Amino acid sequence: MKRRTTYILMLVVSLTTAAVFSFLFIQGKDVPTGLQGLINPTGAPEFKQQLTGSFDSALDKPMDIAVSDSFIFVSDTNNKRVSVFDLAGSPLYNFGEEGDKPGQFKFPYGISTDSKGRVYVADLYNGNISILDEKGKFIDYFAKEYTKEKKITSPGGLRIIDEKVYVTDIQQNKVFIFDINGKLIREIGKPGKDDGEFIAPNSITADQDGNIYVVDTGNQRVQVFDKEGKFVRIINGSQDGKGDSIFVNPRGIGIDSRGLIYVVSNLTHIIYGFNKDGEQAFQFGSMGEGNGQFNLPNGLYIDGEDNVFITDTLNLRVAMFN
């Protein structure tokens, strides 16, 4: 009798689940984020919306993006500022202006937020990293002794993950990892084409185990390191990363809750997805102005709900997928 009751309960649960997903599909509703991986564990996200800025304050070459608990921050590079949106994608305000003084930028590029909601902006041409509050009030420069002494000269990619600050130095072909207080933890890389060497590294991220992913742009690949900075593998779309790369000028990178790694191929206007072993799982995008199309995509950010934000530089917008 107990076994029969168990079977009946299992059948009811299965039928209810199927009915719910059928209803969501018919109604065109989004499937809850936590269940997407169960339905399609290696599938590409679907287009959701565009973020374009206001009519009198349009984005101009948006390069990177970060999302806090309250706001979406975009490095609005040609405007020498940061543009701020609410979580629904509506434009709110901007901060910053051209210059080399506190609160000013020459080429705002990598952007990230910490657990206190502060905004960090890597300025490629000024060679520093600004810390500002969420309204844009300048607080201080991050790790300023390293920028003053030119140990860091051209910060590009920037991500704050688990109280660690990951920075790429594009001209010096290096990666720096700091604690949140600006103390250097690790330095990785030097110029070159061998394992552990870089040519113009751009974006950077880390997974839940602390493994580090560096977009080695000039070498058309992603290099993976363990949390101690030891080289692990190359991801370039070929078997074991040893063949020809599918990337052309790779830029942004991010990792979703399934552990899938997204990489932007800038000059082919395509986003590629890979599993943790570096095997390709999906791709999406093409050149154009329509929904789901890009014209030189650059930055990529994935939030805690697996929303994927991609800066579409020449289309002057940010595309959002889920």
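The following paragraphs describe the cavities, the aromatic pairs and one buried arginine of a predicted model.

A search of the whole structure finds 2 cavities of 30 Å³ or more. The largest cavity holds about 80 Å³ of space, and its lining is made up of 14 residues, among which Asp64, Gly157, Arg159, Ser203 and Ile204 lie nearest the centre. At least two lining residues come from each of the strands β10 (108–113), β14 (155–161), β18 (201–206), β22 (250–255) and β26 (297–302), and the greatest share is that of β14, with 4 residues. When the lining of the largest cavity is sorted by class, 5 residues are nonpolar, 7 are polar and 2 are charged.

The second largest cavity has a volume of about 40 Å³, and the residues that line it are Lys164, Tyr166, Ile177, Ile185, Arg186, Gly210, Ile212 and Lys227. Two or more of these residues are supplied by each of the strands β15 (164–169) and β17 (184–188). By class, the lining of the second largest cavity consists of 4 nonpolar, 1 polar and 3 charged residues.

Aromatic rings were examined next. A pair of such rings is described by the distance of the centres and the angle of the planes. In this model the count comes to 19 aromatic pairs. One of them is formed by Tyr146 and Phe178, whose rings meet edge-to-face, with 5.2 Å from centre to centre and 75° between the planes. Because Tyr146 lies in helix α3 (residues 144–148) and Phe178 in strand β16 (residues 174–179), this pair ties together parts that are 32 residues apart in sequence. Tyr146 counts as buried, since its relative accessibility is 15%, and Phe178 also counts as buried, at 0%. Another edge-to-face pair is that of Phe225 and Phe231, with 6.1 Å between the centres and 80° between the planes. In this pair Phe225 is buried, with a relative accessible area of 1%, whereas Phe231, with 27%, is partly exposed. In addition, Phe47, Tyr262, Phe282, Phe284, Phe294 and Phe321 form one aromatic cluster.

A last residue considered in detail is Arg317, which belongs to strand β28 (residues 317–321). The relative accessible area of Arg317 is 9%, and this residue is therefore classed as buried, the cut-off for that class being under 20%. When neighbours within four places in sequence are left aside, Arg317 is in contact with Gln50, Leu51, Thr52, Leu59, Pro62, Gly288, Glu289, Gly290, Gln293, Ile310, Thr311 and Asp312.

Note on methods: Residues numbered from 1 in each chain as written. Predicted model: local features only at pLDDT ≥ 70, side-chain atom pairs only at ≥ 80, totals over all residues. Heavy atoms only, no water. Buried < 20%, exposed > 50% of the residue type's maximum accessible area, 1.4 Å probe, protein only. Contact = heavy atoms within 4.5 Å. Phe/Tyr/Trp six-rings, centres within 6.5 Å; stacked < 30°, edge-to-face > 60°. 1 Å grid on protein atoms, 1.4 Å probe; cavity = no way out; pocket = protein on both sides within 12 Å on 5 of 7 lines; lining within 4 Å. Points joined across faces, edges and corners; volume = space filled by probe spheres on them. Nonpolar A, V, L, I, M, F, W, Y, C, P; charged D, E, K, R; others polar.
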